[in-house]
Amino acid sequence: RARAAEARAVLDGVVYGLIAQKRAAGATGDDLVSRLLAAKGDDGATMSDLQVRDEAVTMVVAGHETTALVLTFATMLLSDHPAFGDRLRQELADVLGGRTPTLEDMAKLPYTKAVVLETMRKYPPAYVIGRQATHPIALGGYRIDPGDQLLVSQWALHHDERWFAQPDAFLPERWLGDLEASLPEHVYMPFGGGPRICIGQHFAMMEAVLCLATLAQRVKLEVVADQSRELSPAVTLRPKFGLRAVVHRV
């Protein structure tokens with residue numbers, strides 16, 4: 001509890017400091033915090049510092065930790081399958097030639113994107129989502145009443161052989177065709193689905209692809225063999241004991 005309180009204090013110090021800075025500047029910037037401060041509800045009221053803090057912290061956690069987990073699992077999978085890592089680096093060499101990737105390069109890196117999509121299929125950072133029933137329904141022989149809580153598992157969906165051949169295998173090339181467009185809705189949903197789908201899904205995909213492209217051009221990460229790969233299904237899905245790797249310069 002003491003460590004959690006200390007960490008919260010550090011985070012709050014950064015976020016509240018940023019809020020104060022943006023308020024002093026008149027909240028006219030094009031950044032997230034300025035937009036939150038300028039936003040008005042139906043009654044014309046703006047958000048308090050606490051409300052802005054909560055929204056900003058949610059974006060920090062959702063927008064950074066999950067992407068870091070995708071990169072962690074991608075590192076592990078590419079280390080386990082060196083041929084896929086070689087193919088990734090070849091695409092990066094052909095398209096980028098050593099320069100830092102930009103947003104305009106996204107469409108030119110289909111294999112890099114395929115690695116990210118396949119990583120999120122095998123190890124979705126958001127591995128389960130909750131929904132509350134608003135009206136009575138019958139589902140699979142069960143009665144669900146208003147207010148009942150339902151959990152939908154992306155892990156189960158993403159490993160269902162009805163939709164994915166060899167579901168336990170890491171096969172980035174499965175995404176190079178029309179698979180993404182041909183899947184039934186909500187079969188593959190690393191960012192959730194419905195009206196409450198992750199608001200940052202497109203930014204997160206861009207972030208993961210460009211980060212992976214930047215890293216893979218510069219270093220090759222070889223995961224240490226003698227370590228636990230036990231998973232921890234907490235708020236997000238993560239390696240329980242972290243993931244150690246040896247860094248080799250490319």
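This section describes the fold of the protein chain and then selected helices and residues in a predicted model.

The secondary structure of the protein chain consists of eight helices and eight strands. The C-alpha trace spans about 55 × 55 × 40 Å along its principal axes. Of the 250 residues in the chain, 36% are buried. Among contacts between residues at least 6 apart in sequence, 64% join residues that are at least 24 apart.

Helix H8 covers residues 201-218, a run of 18 residues. From its first C-alpha to its last, H8 reaches 26 Å, close to the 26 Å expected at 1.5 Å a residue. The buried residues of H8 are Ala204, Met205, Glu207, Ala208, Val209, Leu210, Leu212, Ala213, Thr214, Ala216 and Gln217. These buried residues pack against three helices, H3 (49-80), H4 (82-95) and H5 (110-122), and against strand E5 (219-223).

One of the buried residues of H8 is Glu207. The relative accessible area of Glu207 is 17%, and the residue is therefore classed as buried, the cut-off being under 20%. Leaving out residues up to four places away in sequence, Glu207 touches Gly63 and Thr67. With Thr67 the link is also polar, since the side chains of Glu207 and Thr67 are joined by a polar contact of 2.9 Å. Glu207 can also be placed relative to Ala68: the two residues are 139 positions apart in sequence, while their C-alpha atoms are 9.9 Å apart in space.

A second view of the packing around H8 is given by Thr112, which is found in helix H5. Thr112 has a relative accessibility of 0% and so counts as buried. Apart from residues up to four places away in sequence, Thr112 touches Leu88, Glu91, Leu92, Val209, Leu212 and Ala213. Val209, Leu212 and Ala213 are among the buried residues of H8. The side chain of Thr112 also makes a polar contact of 2.7 Å with the side chain of Glu91.

Helix H3 also meets helix H1, which comprises residues 2-24. The axes of H1 and H3 come within 10 Å and cross at roughly 115°. The crossing of H1 past H3 is right-handed. On the H1 side, the residues involved are Arg8, Leu11, Asp12, Val15, Tyr16, Ile19 and Arg23. On the H3 side, they are Asp49, Leu50, Val52, Arg53, Ala56 and Val57. Sorted by class, this contact contains eight nonpolar and five charged residues, and no polar ones.

The loops were considered next. Ala39 lies in the loop between helix H2 (32-38) and H3. The relative accessibility of Ala39 is 33%, so the residue counts as partly exposed. Once neighbours within four places in sequence are set aside, Ala39 is in contact with Ala45, Thr46 and Met47. The C-alpha atoms of Ala39 and Asp12 are 21 Å apart in space, with their positions 27 residues apart in sequence. Asp12 is one of the H1 residues that meet H3.

The loop between helix H6 (154-158) and helix H7 (179-182) contains Arg174. Arg174 counts as buried because its relative accessibility is 15%, below the 20% limit. A polar contact of 3.1 Å joins the side chains of Arg174 and Glu118. In addition to Glu118, and not counting residues up to four places away in sequence, Arg174 touches Arg121, Phe164, Ala165, Gln166, Ala169 and Leu179.

Gln166, which is touched by Arg174, is found in the loop between H6 and H7 as well. In contrast to the buried Arg174, Gln166 is exposed, with a relative accessible area of 54%. Most residues other than glycine have a negative phi. Phi of Gln166, however, is near 50°, a positive value in a residue other than glycine. A positive phi is also found at His186, where the angle is near 70°. His186 is located in the loop between H7 and H8. With a relative accessible area of 38%, His186 is partly exposed.

Conventions. Residues are numbered from 1 along each chain as its sequence is written. This is a predicted model: local features need pLDDT of at least 70, side-chain atom pairs count only at pLDDT 80 or more; totals for chains, interfaces and linings use all residues. Side-chain values use heavy atoms; hydrogens and water are left out. Helices (H or I, at least four residues) and strands (E, at least two) are DSSP runs, numbered from the N terminus. The expected span of a helix is 1.5 Å times one less than its number of residues. Buried means under 20% relative accessible area, exposed over 50%, partly exposed in between (1.4 Å probe, protein chains only). Contact means heavy atoms within 4.5 Å. A polar contact is a pair of N or O atoms within 3.5 Å; within protein, one must be able to donate a hydrogen and the other to accept it, and residues adjacent in sequence count only if both atoms are side-chain atoms. Axes are lines fitted to C-alpha atoms, for helices over the stretch in contact, and angles run from 0 to 180 degrees between N-to-C directions. A crossing is left-handed if the near helix is turned anticlockwise from the far one by less than a right angle, and right-handed if clockwise. Ala, Val, Leu, Ile, Met, Phe, Trp, Tyr, Cys and Pro count as nonpolar, Asp, Glu, Lys and Arg as charged, and the others, Gly among them, as polar.
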